[in-house]
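Colleague: I should like to learn how to read a structural model. May we take its features one at a time?

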Amino acid sequence: MKYQTQKIAYAYFVCAMALFAVQVLGGLTAGWVYVQPNFLAEVFPFHIIRMIHTNALIVWLLLGFFGAAYFLIPEESEREIWSSKLAYLQLVILMVGTLGAVIGYGFKVHGGREFLEQPLWVRLGILVAAVIFLVNISMTVLKGRKTAITNVLLMGLWLLSLLWIFSFINPGNLSLDKMYWWFVVHLWVEATWELVMASILAFILLKLTGVDREIVEKWLYVIVATALFSGILGTGHHFYWIGTPPYWQWLGSIFSTFEVVPFFLMMSFAFIMVWKGRRNHPNKAALLWSLGASTVAFFGAGVWGFLHTLHGVNYYSHGTQITAAHGHLSFYGAYVALNLAMFTYAMPILRNRQPYNQVLNMVSFWLMTGGMAFMTFVLTFAGTIQTHMQRVLGEYYMTVQDDLVLFYIMRWGSGVAVVLGALLFIYATLVVRREEVIEPGRANPAPATSDAIAGE
């Protein structure tokens with residue numbers, strides 16, 4: 001490590017991976033409930049399992065973003081984090097809030113709003129943690145070097161935290177409630193998180209490929225401009241059928257179509273940087289995850305998002321398994337795979353070693369990506385059949401669900417592959433199986449340095 005405070009990221013990454021395991025195991029359990037509806041019904045009803053699954057996803061992704069910021073900002077700003085104590089206090093607040101929320105869900109104490117089910121005290125704790133984080137990283141950047149990567153990352157993280165304020169607004173009018181709800185959910189994952197994704201991806205590729213910073217920064221600004229241009233008014237594709245004026249059908253359809261562009265640019269950016277760099281970096285697994293993240297994000301968020309974003313199609317398809325197909329692949333590609341790319345790149349540096357267990361790490365990539373791709377295709381076919389039977393022919397919801405059970409069995413099988421891949425990734429990232437073997441007659445090599453591993 002170049003800077004001692006980069007080790008803050010290690011604690012964030014470990015906590016994130018623990019919640020990652022909880023999230024995928026919760027998803028596997030929820031998937032089985034689709035096959036056996038009464039499974040755990042008396043102990044953990046489906047809606048509680050789903051809360052744990054989705055909330056663990058959101059929190060561990062945020063922990064990954066925060067950890068990535070604590071790792072890359074010292075290098076970009078060329079100075080230590082302003083206060084390591086505040087950084088660890090922020091982590092404690094987030095973990096206590098997460099555990100408190102999960103325990104509360106077990107006793108059926110929750111807010112009831114999808115993705116924002118956290119009790120009020122937990123949401124306040126998250127807000128306090130966000131303020132601590134923003135003060136900490138902003139002071140670091142203000143006192144150090146400013147780069148396009150830190151500027152975009154700060155913009156994304158500031159907007160992300162400010163939008164959280166809308167989670168406290170819960171009007172009685174259902175249309176207004178949904179509008180404020182989407183201000184958090186949509187403007188997180190389809191606007192501000194894209195800025196965070198682009199900046200982290202730019203940092204990783206800068207280190208792995210050795211391409212000139214000026215080229216990376218030009219790409220980054222173009223991606224950010226298209227993400228904000230399309231993502232903000234693209235929120236309208238959630239306003240089609242909630243009681244808002246009809247013009248949102250056209251605004252939502254037009255700008256949602258443009259939302260494919262930033263993800264296509266990110267995929268192009270990743271491959272062009274690797275092609276231009278032509279560099280034999282030792283961390284092949286991190287490069288695989290980076291290219292995989294940008295590619296799967298394009299298909300999950302871009303292509304599968306476009307499949308049902310036009311209002312004429314969405315009239316029939318919204319709320320079906322097509323939505324689940326898009327949600328799973330887009331979250332996995334855009335944010336899960338990106339965080340795992342950052343973990344893969346940073347953990348050897350944080351542990352002062354050369355990249356280790358890379359074959360196992362890459363096997364985990366193909367297990368998770370293959371499982372998620374198969375799950376997406378299965379859910380897409382299930383959603384198409386569901387749309388026709390339920391929305392066109394008018395059959396009862398539960399009758400249609402019974403007819404889709406074969407697809408749910410296949411979805412659960414693909415979930416098993418994802419869980420195995422996730423557990424293998426955690427093992428490959430955290431467990432060093434053996435020391436490097438030194439051949440007879442060769443000198444004992446010096447420990448890996450940040451410069452050697454980062455390729456600077």
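**Reading the model**

Modeller: Let us begin with one residue: Asn-361 is found in helix α13, which covers residues 358–392. Please bear in mind that this is a predicted model.

Colleague: Is Asn-361 buried or exposed?

Modeller: The general idea is to compare the relative accessible area with a cut-off: a residue under 20% is called buried. Asn-361 has 4% relative accessibility, and therefore counts as buried.

Colleague: Which residues does Asn-361 touch, not counting those up to four places away in sequence?

Modeller: Asn-361 touches Ala-285, Trp-289 and Thr-344, and also Phe-425, Ala-428 and Thr-429.

Colleague: Where does Ser-77 lie, and how is its accessibility to be read?

Modeller: Ser-77 lies in helix α2, which covers residues 46–77. Its relative accessible area is 2%, so Ser-77 is buried. Once neighbours within four places in sequence are left aside, the contacts of Ser-77 are Thr-140, Val-141, Gly-144, Arg-145 and Thr-150.

Colleague: Why is Phe-183 described as partly exposed?

Modeller: Values between the cut-offs of 20% and 50% are called partly exposed. Phe-183 has a relative accessible area of 21% and is therefore placed in that class. This residue lies in helix α6, residues 174–209. Not counting residues up to four places away in sequence, Phe-183 touches Leu-163, Phe-166, Trp-188 and Phe-239.

Colleague: How many residues separate Phe-183 and Phe-39 in sequence, and what is their distance in space?

Modeller: Phe-183 and Phe-39 are 144 residues apart in sequence, and their C-alpha atoms are 34 Å apart.

Colleague: Let us turn to the backbone. What sign of phi should one expect?

Modeller: Most residues other than glycine have a negative phi. Phe-115 is not a glycine, yet it has a positive phi of about 70°. Phe-115 is found in the loop between α3 (84–106) and α4 (120–142).

Colleague: What is the phi of Asn-352, and where does Asn-352 lie?

Modeller: Asn-352, although not a glycine, has a positive phi of about 55°. Asn-352 lies in the loop between α12 (321–350) and α13. With a relative accessible area of 38%, Asn-352 is partly exposed.

Colleague: How many helices and strands does the protein have?

Modeller: The protein has 16 helices and zero strands.

Colleague: Which residues does UniProt list for a domain?

Modeller: The UniProt entry, which is unreviewed, lists residues 157–431 as "domain: Cytochrome oxidase subunit I profile". Over residues 157–431 the chain is 81% helix and 0% strand. The end C-alpha atoms of that stretch are 31 Å apart.

Colleague: Why may the radius of gyration be said to agree with a compact globule?

Modeller: One compares the value with that expected for the chain length. For 456 residues, a compact globule would have a radius of gyration near 23 Å; the protein has 22 Å, so the two agree. Taken along the principal axes, the C-alpha atoms fill a box of roughly 75 × 45 × 45 Å.

Colleague: What do burial and contacts show for the protein as a whole?

Modeller: Of its 456 residues, 57% count as buried. Among contacts with a separation of 6 or more, 85% are between residues 24 or more positions apart.

Colleague: Finally, how are the surface and the charges to be described?

Modeller: The accessible surface comes to about 19,200 Å², and carbon and sulfur atoms account for 70% of that area. The protein has 26 positive and 22 negative side chains, with the centres of the two sets 7 Å apart.

Key. Residues numbered from 1 in each chain as written. Predicted model: local features only at pLDDT ≥ 70, side-chain atom pairs only at ≥ 80, totals over all residues. Heavy atoms only, no water. UniProt positions renumbered as here; feature names shortened; annotations may be inferred. Helix = DSSP H or I, 4+ residues; strand = E, 2+ residues; numbered from the N terminus. Rg over C-alpha atoms; globule rule 2.2 N^0.38 Å. Buried < 20%, exposed > 50% of the residue type's maximum accessible area, 1.4 Å probe, protein only. Contact = heavy atoms within 4.5 Å. Areas by Shrake-Rupley, 256 points an atom, 1.4 Å probe, with all protein chains shown as cover. Lys, Arg positive; Asp, Glu negative; His and termini not counted. Charge placed at Lys NZ, Arg CZ, Asp CG, Glu CD.
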